[in-house]
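Open the structure in a viewer and keep the sequence panel beside it. The tour below says what to select at each stop and what is found there.

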Amino acid sequence: MIGQEISATVTVVSVDKKANTVTVKGPAGNTEVVKARDPKNLEKLKAGDLIELTYTQALAISLDKPAKK
């Protein structure tokens, strides 16, 4: 298993308090919907705010022997 922690400054596009999510636009122009770890933090956000987003990206690989016929 391989993992890395990534941080980026992103722009808040919209906040959905009912779903506890925020839509953000990254530096490359891509958008992502992110679930808030603590919904209370959404009270402080509005569209256009810049925030620091940190997430962990992971990759896991499993190797199995082929079944005998």
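**Stop 1: the largest pocket**

This is a predicted model. Select the lining of the largest pocket, which consists of 13 residues; V34, K35, A36, R37 and L53 are the ones that lie nearest its centre. Two elements, β3 (31–35) and β4 (50–59), each give two or more residues to this lining. Of the elements, β4 gives the most, with 4 residues. The volume of the largest pocket is about 320 Å³. Now colour the lining by residue class: 7 residues are nonpolar, 2 are polar and 4 are charged.

**Stop 2: the second largest pocket**

Next, select V10, N30, E32, L53 and Y55. Among the 13 residues that line the second largest pocket, these lie nearest its centre. Four elements give two or more residues to the lining here: β1 (2–16), β2 (21–25), β3 and β4. The volume of this second largest pocket is about 210 Å³. Colouring its lining by class shows 8 nonpolar, 3 polar and 2 charged residues. L53 deserves a label, since L53 is listed nearest the centre of the largest pocket and also nearest the centre of the second largest pocket.

**Stop 3: the nonpolar core**

Clear the selection and pick A8, V10, V12, V22, V24, A36, L42 and I51. Together these 8 residues form the largest nonpolar core. β1 and β2 are the elements that give two or more residues to this core. The largest share, 3 residues, comes from β1.

Which residues does I51 touch, not counting those up to four places away in sequence? Select I51 and show its contacts: they are A8, T9, V10, V12, V24 and L45.

**Stop 4: the strand pairs**

Switch to a cartoon view and select β1 together with β4. These two strands pair in the antiparallel sense, over 10 bridges. To find one position in this pair, select T11, which stands opposite L50 in β4.

Keep β1 and add β2. How many bridges join β1 to β2? There are 5, and the two strands run antiparallel. For a position in this pair, select D16, which stands opposite T21 in β2.

While the strands are on screen, keep one general point in mind: in a regular strand, side chains alternate between the two faces of the sheet.

**Stop 5: the hairpin and N20**

Stay with β1 and β2 and look at the hairpin they make, which has 4 residues between the strands. Select N20, whose place is in the loop between β1 and β2. N20 has a positive phi of about 60°, although N20 is not a glycine.

Is N20 buried, partly exposed or exposed? Buried means under 20% relative accessible area and exposed means over 50%. N20 counts as partly exposed because its relative accessibility is 23%.

**Stop 6: T23**

Last, select T23, which is found in strand β2. Is T23 buried or exposed? T23 has a relative accessible area of 19%, so T23 is buried. Show the contacts of T23, not counting residues up to four places away in sequence: T23 touches T11, V12, V13, S14, T31, E32 and V33.

Key. Residues numbered from 1 in each chain as written. Predicted model: local features only at pLDDT ≥ 70, side-chain atom pairs only at ≥ 80, totals over all residues. Heavy atoms only, no water. 1 Å grid on protein atoms, 1.4 Å probe; cavity = no way out; pocket = protein on both sides within 12 Å on 5 of 7 lines; lining within 4 Å. Points joined across faces, edges and corners; volume = space filled by probe spheres on them. Nonpolar A, V, L, I, M, F, W, Y, C, P; charged D, E, K, R; others polar. Core = buried A, V, L, I, M, F, W, Y, C linked by side-chain atoms within 4.5 Å. Buried < 20%, exposed > 50% of the residue type's maximum accessible area, 1.4 Å probe, protein only. Contact = heavy atoms within 4.5 Å. Pairing = 2+ DSSP bridges.
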